[in-house]
Each structure stands twice: as C-alpha cells, then as structure tokens.
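Welcome! Before we put labels on anything, it helps to ask what earns each label. Have a look at the model first.

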Amino acid sequence: MSQTTFQSNISGYQYGFHKPEKYFFKSRKGLNKKIVEEISWHKNEPDWMREIRLSALEIYYSKPIPLWGGDLSGIKFDDLYYYIKPLQKKAKTWEDLPAEIKNTYDRIGIPEAEKKYLGGVSAQYESEVVYKSIQKTLQKKGVVFLDMDSGLAQYPDLVREYFCKNIPPEDNKFSALNTAVWSGGSFIYVPKGVRVELPLQAYFRINAANMGQFERTLIIADEGSFVHYVEGCTAPIYTTDSLHSAVVEIYVKKGARVRYTTIQNWSTNVYNLVTKRMRVEEEGVGEWIDGNLGSKLTMKYPSVYLMGKGARGEVLSIAYAGKNQHQDAGGKAVHFTPYTTSKITSKSVSANGGRTSYRGLIQVLPSAIGAKTKVVCDALLIDDASRSDTYPTMDIRQNDVQIEHEATVSKLGDEQLFYLMSRGLKKADAEAMIVNGFIEPIVKELPLEYAVELNRLIQMEMQGSVG
Amino acid sequence: MSLIIKNLSANLGTRVILNSINLEIKKGKIHALMGPNGSGKSTLAGVLMGNPSYELRIKNLELRIDKKNIIGLKPDERARAGLFLAFQNPISIPGVNVANLLKTAYQLNKEQRTKNKEQKKTYNPALSVWKFNEILVKKAKALGIPQEFLRRSLNEEFSGGEKKKLEMLQAWILSPKYAVFDEIDTGLDVDALKIVARGITKLKKEKTGILIITHYLRILKYVKPDFVHILVNGEIVKSGGYKLAEIVEKNGYKKWTINKSQIQSPNIKSNPKPQVQI
C-alpha cells in the first residue's frame, strides 16, 4: 500500500474511520495512586473499575518481585510510562525505527501499510473496512468483539461480572500491575450455541490501543459456543516500552470450546510477562497455542483450570530464544473435577547462546477422579553456547489418575546437517529446515499464514546466526 | 569429463583409513567398490561428499568434479557441483519430509547439476509445485514407494528397505553428475533390489557416473558394473571388470587380507605431511 493510498483512506471518513484524537495524554514516569486515578479518569470509567484499579495497585506494591523465573532486575519500574494515549505511538515516524526492524519487515515481505502498523508508526487504517464487515456478521449472531475499553463502556455489567474473577490481582505481582493500569486488549462475548467459524483476529480490531503495554483481554464463550481468537503476528513488533505485561482471562462455559492462538515477536528490549488463564466448565474445551520468539525475557505459562466434569484443556507452546534472550515458558493445568483431561506440549529452540526454560505445573485435586494428563516437552539446542532447562511440577492428590510425562533435549546433530547439506542445502538453510521440522507438530495447528511466516522467520534467524 | 580421485589419503585422528586411493569415474559408467568390513569403503563415500570428520593429506591430492577442484569445498557446495551420496544409514529428521527436501534441493541449481545440453533445456528450476509433485509421485511409484511416504518425516519409522528406496528416489530426482551409493543393497529384499538396480541403470542412461559400494555380488548382477575395485585396509588392491566381483563372491577377500593385517603407511608415520580439515 503506497503512502498516497494510505492518506486517501484517512480522508475516507465515510467508512467509519475515527480520526485520531487531537491531543494525547502521557502519564508522568513511574507509578502512584494519582496516576492510576488519572488513567481511570481519562477513560471515563465507572467507579467500581477505578476501585478495582486502586486496590490492585496496593496489592502490586505489597508483592515482591518474583525470583523464581528469569532475571527481572533489569526492569526500571520508575522509569516507565504506565499510560500513554495511542496518538503518541502514532506520532513516531518510519525513519525512527531501527534499521534491523525495517529490514526484517522487508525480508518477510509484508506490505508497507502493515509495516507501519507493526512499527507502531500508524494504526491499521485499511483494516477498518474489513473490520466493519466482520462486525456486521458478528452482530447478527449476537457476538461482541470490541477493544476492552469500548467493552467496558458498552457492556459494563458483563465486564463487571467476569473481570478479575478468573485472574484476581492477588494472583501475582504482574497481574496486579496489569489490573491497576490496564489499557486496550480485546473483549469478546459469544452467546449460547453460536459458532464463530472465522478466527477472530486482533489484527482486524484496529486501534493502536491494541499494542499497549498492559493489554487486558476478556473472553466469555457461553454454553455450547465456539470461537478461535488469534492475536499477534510473526513480524517483530517494535516498541520503545520495555515492559509488556498483559492479562488474558477466558471463560469456557459448559460444552463450549475456545482456542486462543498467540504468536509474539517483541523486539529484544522487551520484558514480556503475561498471565493467561482459561476456566473450563463441564465438557468444555480450552486450547492455548502460544508462540514466543522475540523479547529479552518472556515469562508466560498459559493455564487451564478444569472446573467441570469432563472438561479438557490443551497448551501448545513454542519458544525460540536467540542471542541475549530468555524464554521462560510452558503451561499449567489444574484438575478440579472428575474425568478432566489436559495435555501440555512444549517445543523450545535455543540458538546463539539463547536460553529456554520449560516451566509447568500439573495439579490434580482429590476431587478429580479419573483425571488424565500428559506433558511432552522437547528442547532443541543449536549450539554449545545455548541452554535449556526443564522445571516440571506435579502435584497429584488423587490416586485414580493417568499421568504421562516425556521430556527430551537434543542438540542439532552434525549428522543431520551433513545429510541435508549433501543434498545441496547451505548450512543455515539446513539448520532452519531441522528447526522448522522440530516445531512442525505445533506449527501445523496455526492458521496457514502464520505458519508460513513463522517458518520464514526461523530461516532468517538461522541465516543471521551463522552470519 | 569425469570424477577424479588422485592420491586420496584420510585419517580419523591418528588412524589411517584410506591410503593413496586413485579412481576415475567417467560419466555414464558404473564402478563397483567391494571390500571387507572396515576396509574404508564408507569413509571414501563420506570424504568425497565432504564429511568434516576426516582429515585428508593434501600433498599431491586431487579431487575434481569434471574440471572443478572440490578440495576444501563444503558438502553443499559439492552437491551443487553435481555430486550425490546415497547414505548407508540415512538419518531420521523429524518434521522434514522428503517432498519438501527434494523440492528445495532441486531448485538450488541448474548449471551444476545438468549433465548435457538436453537436460539444460528441460531443467526448470521454477517448476511449479504441482508439476514437481507430479514427477515426484511418478518416480516414487516406479520405485514402489507409497505416496504417503513422501509427506512423512524423513527416515522416521521407515524400514531399512524403505530408507534405501528413498535414497534411490532422491538420486533419481536430483539426477546428479556423479552418484555414490553406499551399500544401497543391504536390507533390501529381492524385489526391492531389482527396483533399486533399475533406478541405478536409469541414472547410468542419463549419463550419471556411478560408484556402488557393496559387499555382495547380488546387486551387481542387475546393474553390471563396468569396473570393479577391491578395497582392503584402505587401499585399492585390485581393479578389474565384472569377473572380479564374481571371484570375490566365490573366494572372499582372503587373498588380499593375508599379510595385510597392518596398515601400510610408513610415509605418514615417519614423515608427517601437511593436513587439511575439509
């Protein structure tokens, strides 16, 4: 999309385009009660939300920084801006982006307009039209698909009923922080028995607020419904914010099914600390597909709380850690009720001195008779400088259960390389082929365009790693 | 035009594996290399393809594909220069299937792999996925490889015979200038053996120069090599025609192994030569 088209779309107000606000607001550096109140005031929120924010702030202060995961000592909490109106992000120019980010966009071959969106230079104006037509279809079925701020404004009662009920601020320091200062994210409600056949993509939901540091997403899938939500993208998302701390709360009602797919590739200055949890009721199915490529440190363990008889949960996790990166990822499954099933599959790749950790929890409560769970975590090391660790925790308080755990660590083999090179593939291409083969079982679950982009990205990473 | 090997000597650590090997393989000719276990046959295959595990003595060494010097070239560069190796024990690679691998490998070169003007004309690196698939499926069928094998992880959960057939398929698709088949016949039943032999014969007709490494006469009955060489303790002790293979089948290698229990390489021990890691 050329620059001219881009501008002509700006003037295309008749398509429902919202002009960016004339002003923007940027909180002072650091965090205090006043700033939280200002955020709430700027968003024109109901009192109860402000109260939740303020109490979450107290909880945030009271909790120590977790020491069990990655090294968080590099986060300068007092140096961060906790709330920036979206316009500020758009005010950056294309030229301000680091060359390597622009270069990557070029090599992945994504269109100009999309590059600007990803680079944080502009919002995805073009998708406004697409979004409108999707909205029309969804509205007919009674499906709500909004950004979280609009969700709160338009459906305050629904939000109040579910907000923080699955992930309370007390859960951990960063869920408390998010609750205090959240902005942006998605709000989705799918009525009883409604199946949303097309994956809902955050991509279509436009709005730079989407890219916030403290996104808050709430999804409610009512009885017997189905929805697949896809967020993120494989292109690196450049941000000057060094902390991304999101919360995703999902409610899967009786017999419903929710699949949540994320591929994240933050620039390598970002600490990515995310809390994600699905509460799955009777015969419901909750699935996380979670890919983490970028960031300096990611700590993310999507979890399924199996609360109803026969509920099922699955977590598929891919992590790729390159130079100076630490991916501390995995999944959690908690079985509360009989005949619940969970499966966690993790594939991690460490290259160029990068570090991956699998961290997982399987908890089976005494009430969960006949529960079944399976954990498979495989790690691939590309070179001797890279590292991988596994921290599985199992807490089983019921004897009538079926539990499987498999873990492998393999090093990219010289013999495999020699074999592929003997077919004419250069070393980097051979490595990429082996890595892509390794993650293939998870990649095949991704929407096609994501799978293709991911494979290409791995190839680029490999080419970079061998110069 | 030929694959030329002159004065090839290889060590693994301090152990001498190959000593002054000389071979010239012309296009469209089949050479068989026979020898007892541990005589260095597979090392020769690996060294030709550029396996970095071995050290070569470079003094007087010559390795050429047609006129191109391949000393010091990496395995992929040798492959793109037109060399192919069918592995004795093909390794499994999870998540990588032979269809994708071959498509990628096929597209990598034109100049180096095409053996004559005719092939240059028909070779199309931009062959559509659909068209390529058609060729692949056709050739797989001719080799008795079920179509679904093409999409399965490479060599994973394949039987020994299936792996060998897949190696043959790769050789046939890539149609190299020179191909080395390292014990392609082991683990094959009679029917599979005939099929693979037919594949090799097809390559010969396409003017590929071929080196078959084997223990047994049985594959040679079907492919009828133009030359047979006997490798014992890292040296070629005898070269001849097809008859030589029959003699080996009858009498074994005793004739050459007696008095050869020690590797003869006085010049290496007394007079170390500069070595190169390839």
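The questions below go through a predicted model with its two chains, starting where they meet.

Q: How do you know that chain A and chain B are in contact?
A: Contact asks for heavy atoms within 4.5 Å. By that rule, 16 residues of chain A are in contact with 32 residues of chain B, so the two chains do touch.

Q: What makes up the area buried between chain A and chain B?
A: About 1900 Å² is buried between them, and carbon and sulfur atoms give 72% of this area. On the side of chain A, three residues supply 42% of what that chain buries against chain B: A:F418, A:Y419 and A:R423. No other three residues supply more.

Q: Why is the pair B:E167 and A:R423 called a salt bridge?
A: The label needs a side-chain nitrogen of Lys or Arg within 4 Å of a carboxyl oxygen of Asp or Glu. Here the closest N and O atoms are 2.8 Å apart, so the pair meets the cut-off and is called a salt bridge. The rule finds one salt bridge across this interface. There are also eight residue pairs in polar contact between the two chains, counting pairs with both residues at pLDDT 80 or more.

Q: Which elements give two or more residues to the side of chain A that touches chain B?
A: They are α11 (414-421) and α12 (427-443) of chain A. The largest share, six residues, comes from α11(A). By type, the residues on this side of chain A are eight nonpolar, four polar and four charged.

Q: Why is strand β1 of chain B called mostly covered?
A: A residue counts as buried under 20% relative accessible area. In β1(B), residues 2-12, eight of the eleven residues are buried, so "mostly covered" is a fair description. For chain B as a whole, 53% of its 278 residues count as buried.

Q: How do you know that β1(B) pairs with other strands?
A: Pairing takes at least two bridges. Eight bridges join β1(B) to β2(B), residues 15-26, four join β1(B) to β5(B), residues 62-65, and two join β1(B) to β4(B), residues 55-57. Each count reaches the cut-off, so β1(B) pairs with β2(B), β5(B) and β4(B). The sense is antiparallel with β2(B), with β5(B) and with β4(B). Among the partners, B:S2 has B:K26 in β2(B), B:K6 has B:E62 in β5(B), and B:A10 stands opposite B:L56 in β4(B).

Q: What lies between β1(B) and β2(B) in their hairpin?
A: Two residues lie between these strands, and B:G13 in the turn has a positive phi of about 65 degrees.

Q: Is A:S342 called buried or exposed, and why?
A: Its relative accessible area is 3%. Buried means under 20%, so A:S342 is called buried. This serine sits in strand β15 (residues 341-350) of chain A. Beyond its neighbours within four places in sequence, its contacts include A:L306, A:H335, A:I362 and A:K374.

Q: What makes A:N324 and B:S175 worth a second look?
A: Most residues other than glycine have a negative phi. A:N324 has a positive phi of about 60 degrees, and B:S175 has one of about 40 degrees, although A:N324 is not a glycine and neither is B:S175.

Q: Which of the labels buried and exposed goes to A:N324, and which to B:S175?
A: A:N324, in the loop between β13 and β14 of chain A, has 61% relative accessibility; exposed means over 50%, so A:N324 counts as exposed. B:S175, in the loop between α6 and β10 of chain B, has 10%, which is under 20%, so B:S175 is buried.

Terms used
Residues numbered from 1 in each chain as written. Chains lettered and ligands numbered in written order. Predicted model: local features only at pLDDT ≥ 70, side-chain atom pairs only at ≥ 80, totals over all residues. Heavy atoms only, no water. Buried area = accessible area lost by both parts, 1.4 Å probe. Polar contact = N/O pair within 3.5 Å; in protein donor to acceptor, adjacent residues only side chain to side chain. Nonpolar A, V, L, I, M, F, W, Y, C, P; charged D, E, K, R; others polar. Buried < 20%, exposed > 50% of the residue type's maximum accessible area, 1.4 Å probe, protein only.
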